[in-house]
There are 2 protein chains.
Amino acid sequence: MYILFPSRYFAPMSLKHTHVQHMAGHLIRRLHQSSTQVFAARIKAAGLDLTPVQFAALDAIHANPGADQAGIAALIAYDKATIGGVIDRLEAKDLVARTPSKRDRRAREVRLTEAGESLLTQAMPVVSKLQDDILPGLSLEERAQFLDLARKALGPADNHHKSSARDPFCH
Amino acid sequence: MYILFPSRYFAPMSLKHTHVQHMAGHLIRRLHQSSTQVFAARIKAAGLDLTPVQFAALDAIHANPGADQAGIAALIAYDKATIGGVIDRLEAKDLVARTPSKRDRRAREVRLTEAGESLLTQAMPVVSKLQDDILPGLSLEERAQFLDLARKALGPADNHHKSSARDPFCH
DNA sequence: CGCATTTAGTAACTATACTTACTATATTGA
DNA sequence: TCAATATAGTAAGTATAGTTACTAAATGCG
């Protein structure tokens, strides 16, 4: 297991803090890092083999069978090039199947295979449960507060069922 | 520029929400995504060429000239393999220099070159300023609250000046 | 001292996560 | 209709962000 802070750095000798460490971007990156590590550990402990992105894609495809890759990408906020590779790997593991769309000959419709449905069913409770371990330093109340603020911070893009605004950073 | 949500997905037709979208891990990933995109856009607008990680590394090396790679990695919470590649690229751009350590012949001491110091000086105000744009949906007060919660969520690992605890996920 | 363990760094590998560029197809509007 | 534009997907390239495995060197301990 990857040791985040070798013990020697808590010994007498210690490095100086940086400007970066107080910045929002750095804190968010650290949270993301922690989050993906918790996910990997818990999924592995459950005997499953899925990355966070692969899980998100399976979930989105399950909820929208027959959607095309661009739709799945938009739903979980990924670049279409990224999602292409993710679905390549899911297909290689026989978790999803792609069929050419008849409506649009450019598009490929994506669906879960039985193995994909099965794996998603197994993974869902594990992933749901692990969400509480992502923010271990917070109380239940603080965690809820944090998630509210996170949702609000993401702005209208996250609430596309309420408004039609797009991501605030795409000018 | 990358369009996060193609407009057709706000048209009459719309995909179903997923379980993932309500989860902490997903929200954190979205924040990280937004954060890196804001960083890239602002740095590019300033005529500079630096990734968030490269900036963090420059900042850490500036604050600790002569530290070895493992020290820099620990300071900004990166894997030593990752930081090795980052410093490779910084060295290729002549922003840092590596010299073999005399104390420890395994280690390589890292320092900023003049070009590195100069670039960091240019980048610092840009990066400081952009932090406020990372959480655009939040008021000043909410932003401070969010950052407090984030710091607390990261737990004792982030407060290594206060305690000697390590990352809670390294069992 | 000598040996087991730890640590610094690299190498090779996998998986994101984007970018630009490209092809093919669909849609729009004059 | 047909040309301009937009979109779906892939390809190639870059940069993270880790993993395991390895070498070399340092450290701890009996």
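**Entry 1. Terms and model**

I began with the term helix: a helix here is a DSSP run of H or I with at least four residues, numbered from the N terminus. With that term in hand, I looked up B:Arg29 and found this residue in helix H1 of chain B. I note at the outset that the model is predicted.

**Entry 2. B:Arg29**

I asked whether B:Arg29 is buried or exposed. Its relative accessibility is 12%, and buried means under 20%, so B:Arg29 counts as buried. I then looked up its contacts, leaving aside neighbours within four places in sequence. B:Arg29 is in contact with A:His32, A:Ile76, A:Ala77 and A:Tyr78.

**Entry 3. The second largest pocket**

B:Arg29 led me to the second largest pocket, since this residue is among those nearest the pocket's centre. The others named there are A:Pro52, A:Val53, B:Gly25 and B:His26. In total, 21 residues line the pocket. I recorded which elements give two or more residues to this lining. From chain A they are helix H1 (24-45), helix H2 (52-63) and helix H5 (114-130), and from chain B helix H1 (24-45). Which element gives the most to the lining? I found H1(B) in that place, with 6 residues. The space in the pocket is about 280 Å³. I also sorted the lining by class and obtained 11 nonpolar, 9 polar and 1 charged residues.

**Entry 4. Overview of chain A**

I next turned to chain A as a whole. I counted 6 helices and 2 strands in this chain. Along the sequence, their order is α-α-α-α-β-β-α-α. Chain A has 171 residues, of which 53% count as buried. I then considered contacts in chain A between residues with a separation of 6 or more. Of these contacts, 48% join residues 24 or more positions apart.

**Entry 5. H2(A) and H4(A)**

I looked up how two helices of chain A pack. In general, two packed helices are described by the angle between their axes and the distance between the axes. For H2(A) and helix H4 (residues 80-92) of chain A, the axes come within 10 Å. What is the crossing angle of these axes? I read roughly 85 degrees. Angles of 65 to 115 degrees count as roughly perpendicular, and H2(A) and H4(A) are therefore roughly perpendicular to each other. On the H2(A) side, the contact is made by A:Val53, A:Gln54, A:Ala57 and A:Leu58. On the H4(A) side, I listed A:Val86, A:Arg89 and A:Leu90. By class, this contact has 5 nonpolar, 1 polar and 1 charged residues. I noted that A:Val53 of H2(A) takes part in this contact and is also named among the residues nearest the centre of the second largest pocket.

**Entry 6. A:Gly84**

I stayed with helix H4 of chain A, where A:Gly84 lies. Its relative accessibility is 14%, and A:Gly84 therefore counts as buried. Leaving aside neighbours within four places in sequence, I found A:Gly84 in contact with A:Gln69 and A:Arg98. A:Gly84 and A:Ala70 are 14 residues apart in sequence, and their C-alpha atoms are 8.9 Å apart in space.

**Entry 7. A:Leu130**

I looked up A:Leu130 and placed this residue in helix H5 of chain A. At 1% relative accessibility, A:Leu130 counts as buried. Not counting residues up to four places away in sequence, A:Leu130 touches A:Val38, A:Phe39 and A:Arg42. I also checked A:Ile43, which is 87 residues from A:Leu130 in sequence. The C-alpha atoms of A:Leu130 and A:Ile43 are 9.1 Å apart.

**Entry 8. Positive phi values**

I recorded two residues other than glycine with a positive phi. Phi of A:Asp94 is near 60 degrees. This residue is found in the loop between H4 and strand S1 (96-100) of chain A. With a relative accessible area of 48%, A:Asp94 is partly exposed. Phi of B:Ala77 is also near 60 degrees. I located B:Ala77 in the loop between helix H3 (69-75) and helix H4 (80-92) of chain B. Is B:Ala77 buried or exposed? I found a relative accessible area of 0%, so B:Ala77 is buried.

**Entry 9. B:Arg89**

I closed with B:Arg89, whose place is in helix H4 of chain B. B:Arg89 is partly exposed, with a relative accessible area of 47%. B:Arg89 and B:Gln54 are 35 residues apart along the chain, and their C-alpha atoms are separated by 8.6 Å.

Key. Residues are numbered from 1 along each chain as its sequence is written. Chains are lettered from A and ligands numbered from 1 in the order in which they are written. This is a predicted model: local features need pLDDT of at least 70, side-chain atom pairs count only at pLDDT 80 or more; totals for chains, interfaces and linings use all residues. Side-chain values use heavy atoms; hydrogens and water are left out. On a 1 Å grid over the protein atoms alone, a cavity is a set of points where a 1.4 Å probe fits but cannot get out, and a pocket is an open set with protein on both sides within 12 Å along at least five of seven lines; lining residues have an atom within 4 Å of a point. Grid points are joined across faces, edges and corners, and a volume is the space filled by probe spheres set on the points. Ala, Val, Leu, Ile, Met, Phe, Trp, Tyr, Cys and Pro count as nonpolar, Asp, Glu, Lys and Arg as charged, and the others, Gly among them, as polar. Axes are lines fitted to C-alpha atoms, for helices over the stretch in contact, and angles run from 0 to 180 degrees between N-to-C directions. Angles under 35 degrees count as roughly parallel, over 145 as roughly antiparallel, 65 to 115 as roughly perpendicular and the rest as oblique. Contact means heavy atoms within 4.5 Å. Buried means under 20% relative accessible area, exposed over 50%, partly exposed in between (1.4 Å probe, protein chains only).
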